[in-house]
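Reader: I would like a close look at the salt bridges in this model. Please say where each pair sits and how far its residues are covered by the rest of the protein.

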Amino acid sequence: MSVTAKNFYRRPLPETCIEFSSEIGKRLFTEALLQGSANIYFKLASQFRTQDEPAYCGLSTLVMVLNALEVDPEKVWKAPWRFYHETMLDCCVPLENIKKSGINLQQFSCLATCNRLKSSVSYGEETSDFLKKFRKSLVNSVKSDDQVLVASYDRSVLGQTGSGHFSPLAAYHEDSDQVLIMDVARFKYPPHWVKLETLQKALCSVDTTTKKPRGFIELELRKGTRPLIMYGLKAYVNVNDSDFATSVISWKEFLLCDPLEDEEEEFQLCCRKFGQCFAPHALCCTQKTFDADQKNSCTECSSEQSEACRLICAEIRKTRFAEVFSSSAVAALLVAWPFAHGYSERSDRIGNLAENYKKEFSAETLNEMNQLTTQIRTLICCSKPPVIININKPDVTPSKCSKNKIGESCACSNDVHL
């Protein structure tokens, strides 16, 4: 039998790492356990998994954390069981893209937030203050049974092969200042101990996709919440990143223009411009299709979610935005849009109206809007090409949506196709 490609059965751990199952590794774990610094290990170990794809380290780590923290996905994995699997984490990044290039820290945080976790991201720094912060967060996590710390680090800094990687941290040995990494790429490396200072250096490696350092994420369950169940963005499913980025740029340029004097005309114009930009990206009813929503039906929601779906759909349809759009999915995107206060008068007007509606929403609908806002922000942050608006620069041609001279007519209304 001929072998046409080089293949491997695991890799030897470098000297910087101590194998968990070795005699030294066992001693470190025993001492950490007796010191109360390995409590979270048992929940993580009970859900320890090997990533399904070579680039799925982020997804598999998050699945491991979600199941360890006993988060109900409210989606059926294999009937009748509801249980997290990598294929269910499709709300922020297309799975086909993840298979090719994995995910970055912002995308990981988005996926965590969209699945009921409180996510706090800390970017790596080569300072003693950061090391103290890292150590404190780690100790809080390993001594608990409901908080997990996930590291986004550069393998090469640890002397391992490869580069960017995600894995949860399960125990801490105080005397030697070492942390136990539950490596989800078990086909490559077993769980291992590493010096915290060495891991800190690995957290400081710059991710080429974001131009920011890697880091660590503190995760815990946000009680009283649920994942996105009604609305979402399908930009990453049916439309490529450049189309979504173009839509965002067009919308942001439109917001820079002075509003029309007639308030009703201004409202109609803003809604129709938003629909022109984002109707192709709107997703409704458990991320399948918004055909059912256009027929005022939420029958595609599961039985456990149907009541919540109906409530969310009904409250969105009561907004003025929904009177303009044929689908409440587009109205939901507009309500959830992350308007930056002070960006422009037009932006503040439409943003304030959206905020007023949020104050009247039920907890179910407000949760859905907050989750959707997180998804929008992440897709804007991670879109390719990046969303960049150049304003107030003399060497840049002003947008046609900006009035340059007193009395000059605005082209916004002519640009919106009904």
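Author: A good place to begin is with Arg-49, Asp-52 and Glu-86, which are linked to one another in a network of salt bridges, the term being used for a side-chain nitrogen of Lys or Arg within 4 Å of a carboxyl oxygen of Asp or Glu. The model is a predicted one, in which local features need pLDDT of at least 70 and side-chain atom pairs count only at pLDDT 80 or more, whereas totals for chains, interfaces and linings use all residues. Residues are numbered from 1 along each chain as its sequence is written, and side-chain values use heavy atoms, with hydrogens and water left out.

Across the whole structure the search finds 13 salt bridges, and three pairs are followed here one by one.

The pair Lys-26 and Glu-23 belongs to helix H1, which covers residues 23-34 (helices are DSSP runs of H or I with at least four residues, numbered from the N terminus). Their side chains meet in a salt bridge with an N to O distance of 3.6 Å, and the two residues are three positions apart, about one turn of the helix. Glu-23 is exposed, because its relative accessibility is 61%, while Lys-26, at 42%, is partly exposed; buried here means under 20% relative accessible area, exposed over 50%, and partly exposed in between, with a 1.4 Å probe and protein chains only.

The salt bridge between Glu-264 and Arg-320 has its closest N and O atoms 2.9 Å apart. Glu-264 lies in helix H10 (residues 263-278) and Arg-320 in helix H14 (residues 320-324), so this pair ties together parts that are 56 residues apart in sequence. Both partners have some accessible surface left: Glu-264 is partly exposed because its relative accessibility comes to 41%, and Arg-320 is likewise partly exposed, with a value of 30%.

In helix H16 the side chains of Lys-358 and Glu-355 form a salt bridge, in which N and O are 3.3 Å apart. These two residues are again three apart in the sequence, about one turn of that helix. What sets the partners apart is their cover: Lys-358 counts as buried because its relative accessibility is 11%, whereas Glu-355 has a relative accessible area of 41% and is therefore partly exposed.

Helix H16 spans residues 345-360, and Ser-344 is found in the loop that runs between helix H15 (328-336) and helix H16. Ser-344 carries a contact of another kind, since a polar atom of its side chain lies 2.4 Å from the backbone oxygen of Leu-255; for such a polar contact the two N or O atoms must be within 3.5 Å, one able to donate a hydrogen and the other to accept it, and residues adjacent in sequence count only if both atoms are side-chain atoms. With a relative accessibility of 10%, Ser-344 is classed as buried.

Taken pair by pair, then, helix H1 holds both Lys-26 and Glu-23, helix H16 holds both Lys-358 and Glu-355, and Glu-264 and Arg-320 lie in two helices, H10 and H14.
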